[in-house]
Amino acid sequence: MVLTGAVRMSVTGHSRRRVLGLGAAGLGAAGLTGCGLFDDDPEPPPVADPLQPLLDEATTLAAAYDRAIVSQPGLAARLTPLADDHRAHATELARLIGAAPPSAAPSGAASAPADDAARTIAALRAAEQAAQKSAVAACRSAPAGRAALVGSIAACRATHAEALR
Amino acid sequence: MNPQLGAALAAEEAAIYAYGVIGVRLNSRGDETEARTAERAHRGRRDYLVARLAQLEASSAPSPAGYELPFPVTDRASALKLAIQVEDGVAQAWRPVLPVTGGNDRGTALAAMTEAAVRATRWRRLAEVTPVTLPFPGRPERE
């Protein structure tokens with residue numbers, strides 16, 4: 001429950017109050033599954049770092065490239081450096097926000113089976129463009145100490161979209 | 001923010017100068033179009049910086065009368081190599097503007113850095129340099 005709430009919050013930007021409200025509404029279900037809201041748990045759920053979504057995105061993109069390379073080995077030379085860039089971003093972001101470094105790619109993440117190289121490239125390009133937009137937004141709202149790193153990540157995603165043209 | 005804007009201006013001026021040299025050594029329509037588009041973009045950023053520094057009542061250092069190229073540009077290969085280096089350098093000059101600005105100024109700096117990085121990627125592809133991307137555009141080689 002709590003985990004779902006936290007994820008929902010980072011993806012949609014719902015306010016904490018709203019998420020907590022949803023948690024309370026789901027109290028019955030929580031009781032049934034024994035995921036006790038009333039358990040003695042002195043630790044409040046940690047508030048996600050504003051850059052956590054950017055880290056998640058980097059990990060997801062790296063995994064998308066890995067899957068594309070598995071299904072289209074002919075693209076390996078072109079795609080591997082781009083996947084490596086995303087892994088470098090994830091490592092730096094994890095260090096910056098004190099998160100656990102991303103482990104292996106989440107398996108079974110939803111992705112359409114790529115049946116030809118052109119479609120694979122087009123899908124990756126669209127993902128890069130969307131990811132660039134979120135990185136630009138993150139850079140604009142980042143405190144000074146983080147602006148340069150986040151800006152470089154935004155620029156890198158733009159170069160990836162270019163490289164996939 | 002003025003010193004950072006001044007450094008970005010110096011990089012844009014150097015890029016405009018370099019493209020003059022680069023253009024002479026390019027011989028395909030595609031290359032030349034790319035170089036002309038890039039030079040126009042750098043002139044636009046130069047004009048923005050001159051205006052912004054004037055608004056801030058900062059005196060920008062006068063641009064030097066000549067620039068020293070990092071290596072002689074004698075053919076297409078060395079011209080493409082210089083173009084890559086110029087765009088990487090422009091991205092590196094804009095990156096320090098990000099922490100010292102906010103709002104639209106930061107947005108402009110990020111756009112300028114990103115566009116330089118994208119042009120560097122395009123030049124790498126034309127020069128058949130791999131990989132065509134850098135993990136952290138704008139970050140100096142040693143940080």
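Reader: How many residues does the contact take from chain B and from chain A?
Author: 23 residues come from chain B and 28 residues from chain A. Contact means heavy atoms within 4.5 Å. This is a predicted model: local features need pLDDT of at least 70, side-chain atom pairs count only at pLDDT 80 or more, and totals for chains, interfaces and linings use all residues. Residues are numbered from 1 along each chain as its sequence is written, chains are lettered from A in the order in which they are written, and side-chain values use heavy atoms, without hydrogens and water.

Reader: What makes the pair Arg122(B) and Glu162(A) a salt bridge?
Author: The rule asks for a side-chain nitrogen of Lys or Arg within 4 Å of a carboxyl oxygen of Asp or Glu. Here N to O is 2.8 Å, so the pair qualifies. The count between chain B and chain A is 3 salt bridges.

Reader: Why does Glu12(B) have no salt bridge?
Author: The nearest side chain of opposite charge, Arg45(B), is 5.4 Å away. The cut-off is 4 Å, so Arg45(B) does not count. Lys and Arg count as positive, Asp and Glu as negative; His and the chain ends are not counted. Glu12(B) is buried, meaning under 20% relative accessible area (1.4 Å probe, protein chains only).

Reader: How do you know that the length of helix H4 of chain A agrees with its residue count?
Author: The expected span is 1.5 Å times one less than the number of residues. For the 20 residues of H4(A) that gives 28 Å; the end C-alpha atoms are 29 Å apart, which agrees. Helices are DSSP runs (H or I, at least four residues), numbered from the N terminus.

Note on methods: Buried means under 20% relative accessible area, exposed over 50%, partly exposed in between (1.4 Å probe, protein chains only). Helices (H or I, at least four residues) and strands (E, at least two) are DSSP runs, numbered from the N terminus.
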